[in-house]
Amino acid sequence: MVIINRKSFFFSIIFLLLILFPWIIEDSFYLEQLTRILILGIFAMSLDFLVGYTGIVSLGHAAFYGVGAYTLAYSFQSTDATNFWYALPLSLTASALIATIIGWLSIRTSGIYLLMITLAFGQMFYFFYLESSYFNGSDGIFLLNKPEILFGSYNLFDLENEVNLYFFVLGWFIIVFLLLKTILKTPFGQVIQGICVNESRVRALGYPTPRYKLISFVIAGTLAGLAGFLEATHTGFVTPSYSHWHQSGILLVILMLGGVRTLYGPVLGAATIVLLEDLLPEITDHWKLLLGILIILIVLFLPNGTTDLFSRILFRGPIQKANKDHE
Amino acid sequence: MNDIILRTEHLTKHFGALMAVQDVSLTLKKNLAHAIIGPNGAGKTTLLNLLSGELYPDQGTIRYKDQEITKLSPDQISRLGIGRSYQKTNIISSFTCFENCRLAAQSRLITFMDFFRPVKRLKALSQHAEKALELVNLSHQAATVAQTMSYGEQRQLELAMILATEPELLLLDEPLAGMGSQESGQIIELLQTLAKKHTLILVEHDMDAVFSIAQQLTVMVNGEILETGNVEQIRHSTAVQEAYLGHYEPQPHH
Ligand SMILES: Nc1ncnc2c1ncn2[C@@H]1O[C@H](COP(=O)(O)OP(=O)(O)O)[C@@H](O)[C@H]1O
Ligand SMILES: [Mg+2]
């Protein structure tokens, strides 16, 4: 008898619900919110790969989010339209390039110095956009249209349609989730997880750890660029705040809320933040204070974030054993 | 000359005013077990750190086979075939025993960054990892998370990891410290076997173990070599008796 692993069964159900969502709840407000959650989820998973699995704590992850978004704005510069097949690779390449440079300069440091140097790079990009007349300074840039996913000359999958846009984002979300899960199981993934726990031991086993850390940094930065590209596509608006350190900071809070080192935890964290930001303002004007208090409570009482709550409710009892038996 | 595997010349390392290693010149023959003994603070660990690339010397050179390795990084030195264990247990504590050894084996068997194939499907890796665990008698703990094991078992695991990298030269920093007598008996046996096909540098305080494994002995005091020679010479050296061995009574031969 084949016993399906409970966790993968659960993930399949979630993915199925996500796919059916536009038909289950025909309300564009919720579709909109879910799209936001998924984009923020991609952004958060990319940081989890870096923080939770490689052990590089960055306070400048929003730099790449900004690069992804601004590169899309740049693709629109001369015309009202841009071809997705050109714009996305451009965004990803730009983010990867910037991540290579920032990564190369920062991964040799650790602890507080690493935080400072990544923070400085993030802010450098923020101020660059703010001062740049080419990118319209603090006013930011409106993208009048969405990128066109052209097949020949035909726009097969019109992103102006919000359901299409939702599926577009969901597709990328699933790709990123599976991609990171896969990488973690490969030899490369084993090495970075070893580095996360004990870098000098891994190095003494013969691995050039700085190179592994750099590649991990570039993977995370490129996926953050993808998230920025999607966010810019979704909102149609690019501003310097994409790269502000608030953005990097809130992302770290999201990781703490959801629980690092799980990939899905940060997505739960992203959902928690988006939902709280919606609900709390209806309760009180001082909702940011309330949000802060809630975050502190969650971090205090659920050391692994909302993931804890989630798996306590859903996987109570034999889940641990069931997984082990299966390996 | 070809049976010389490692040669250090005038190796010197100081920390501020402290001369941790001073003018150490050593010549190591292939497939011999070479013990380094000396009181705490003599500079034994610092010397191993210089050999494994963890520290760079202030003066002097290290040659391994035909190559100067003085300025190489720990990963480069490891890939040349020099394996290192540490005085303070150094393992991936959240990995299982098996995963620790698999990661070690992987550094030799997969020479490029592999992003695509799941490790679980790479059978050669698993086989190497299992073989290494078997050598140190840890097979029954393969699925145990390393940090939950006893101190002695963690030391055995570290040895297994080094063996999984298939080194020619092993640098072992007090491998028996903290082991129970049964465990250390097994490890001494293993080291005796290893000594037949490998070159060993063994830093160890347990003199019975040292005499039963090593053919060559170097005595270090205050960062300097006091005396070096084969076991019999050192046993009978009056300088060594006075300075270090003190009241040690060699066990009568059987
Ligand atoms: N990183 C370091 N910084 C400063 N002093 C050190 C360092 N490592 C070792 N020492 C000092 O160097 C001397 C030799 O230490 P060590 O090589 O650990 O000796 P042993 O292994 O023979 O006990 C000791 O006095 C120790 O305090
Ligand atoms: Mg020592």
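Q: A polar contact is a pair of N or O atoms within 3.5 Å. What makes the pairing of B:Lys44 with ligand 1 fit that description?
A: In this predicted model, a polar side-chain atom of B:Lys44 lies 2.8 Å from an oxygen atom of ligand 1. That distance is within 3.5 Å, so the pair counts as a polar contact.

Q: How do you know that the backbone of B:Gly41 and of B:Gly43 also takes part?
A: A backbone N or O atom of B:Gly41 sits 2.8 Å from an oxygen atom of ligand 1. For B:Gly43, the backbone N or O atom is 3.0 Å from an oxygen atom of the ligand. Both values are within 3.5 Å, so each pair qualifies. Together, the protein covers 60% of the 560 Å² of accessible area that ligand 1 has on its own.

Q: Which residues surround ligand 1, and what makes a residue belong there?
A: A residue belongs if one of its heavy atoms lies within 4 Å of the ligand. Among those that surround ligand 1 are B:Phe15, B:Leu18, B:Pro39, B:Asn40 and B:Thr45.

Q: Which elements give two or more residues to this shell, and which gives the most?
A: Strand 2 (18-29) and helix 1 of chain B give two or more. Helix 1 gives the most, with 3 residues.

Q: How is the shell divided by class?
A: The shell has 5 nonpolar, 5 polar and 1 charged residues. Gly counts as polar and Lys as charged, so B:Gly41 goes to the polar class and B:Lys44 to the charged one.

Q: Why are strand 1 and strand 2 of chain B called paired?
A: Pairing needs at least two bridges, and 8 bridges join strand 1 (residues 4-15) to strand 2, so the two strands pair. They run antiparallel, and B:His14 has B:Met19 as its bridge partner.

Q: What makes strand 2 and strand 5 of chain B edge strands?
A: The open, antiparallel sheet has 4 strands in the order 2-1-4-5. Strand 2 and strand 5 (67-68) each pair on one side only. Helix 1 packs on this sheet, touching strand 1, strand 2 and strand 4 (59-64), and its direction makes about 120° with that of strand 1.

Q: How do you know which strands are the edges of the mixed sheet?
A: That open sheet has 6 strands in chain B, in the order 6-7-8-3-9-10. Strand 6 (82-85) and strand 10 (224-230) each pair on one side only. On average, neighbouring strands are turned by 15° against each other, direction ignored. Helix 1 (residues 44-51) lies across strands including strand 3 (33-37) and strand 7 (169-173), running at about 150° to strand 7.

Q: What makes strand 9 and strand 10 of chain B a pair?
A: The cut-off is at least two bridges, and here 6 bridges join strand 9 (residues 216-221) to strand 10, so they pair. The two run antiparallel. B:Leu217 stands opposite B:Gly229, and B:Gln216 is opposite B:Asn230. Their hairpin has 2 residues between the strands, and B:Asn222 takes a positive phi near 50° there.

Methods
Residues are numbered from 1 along each chain as its sequence is written. Chains are lettered from A and ligands numbered from 1 in the order in which they are written. This is a predicted model: local features need pLDDT of at least 70, side-chain atom pairs count only at pLDDT 80 or more; totals for chains, interfaces and linings use all residues. Side-chain values use heavy atoms; hydrogens and water are left out. Axes are lines fitted to C-alpha atoms, for helices over the stretch in contact, and angles run from 0 to 180 degrees between N-to-C directions. Contact means heavy atoms within 4.5 Å. A polar contact is a pair of N or O atoms within 3.5 Å; within protein, one must be able to donate a hydrogen and the other to accept it, and residues adjacent in sequence count only if both atoms are side-chain atoms. Accessible areas come from the Shrake-Rupley method with a 1.4 Å probe; for residues, only the protein chains shown count as cover.
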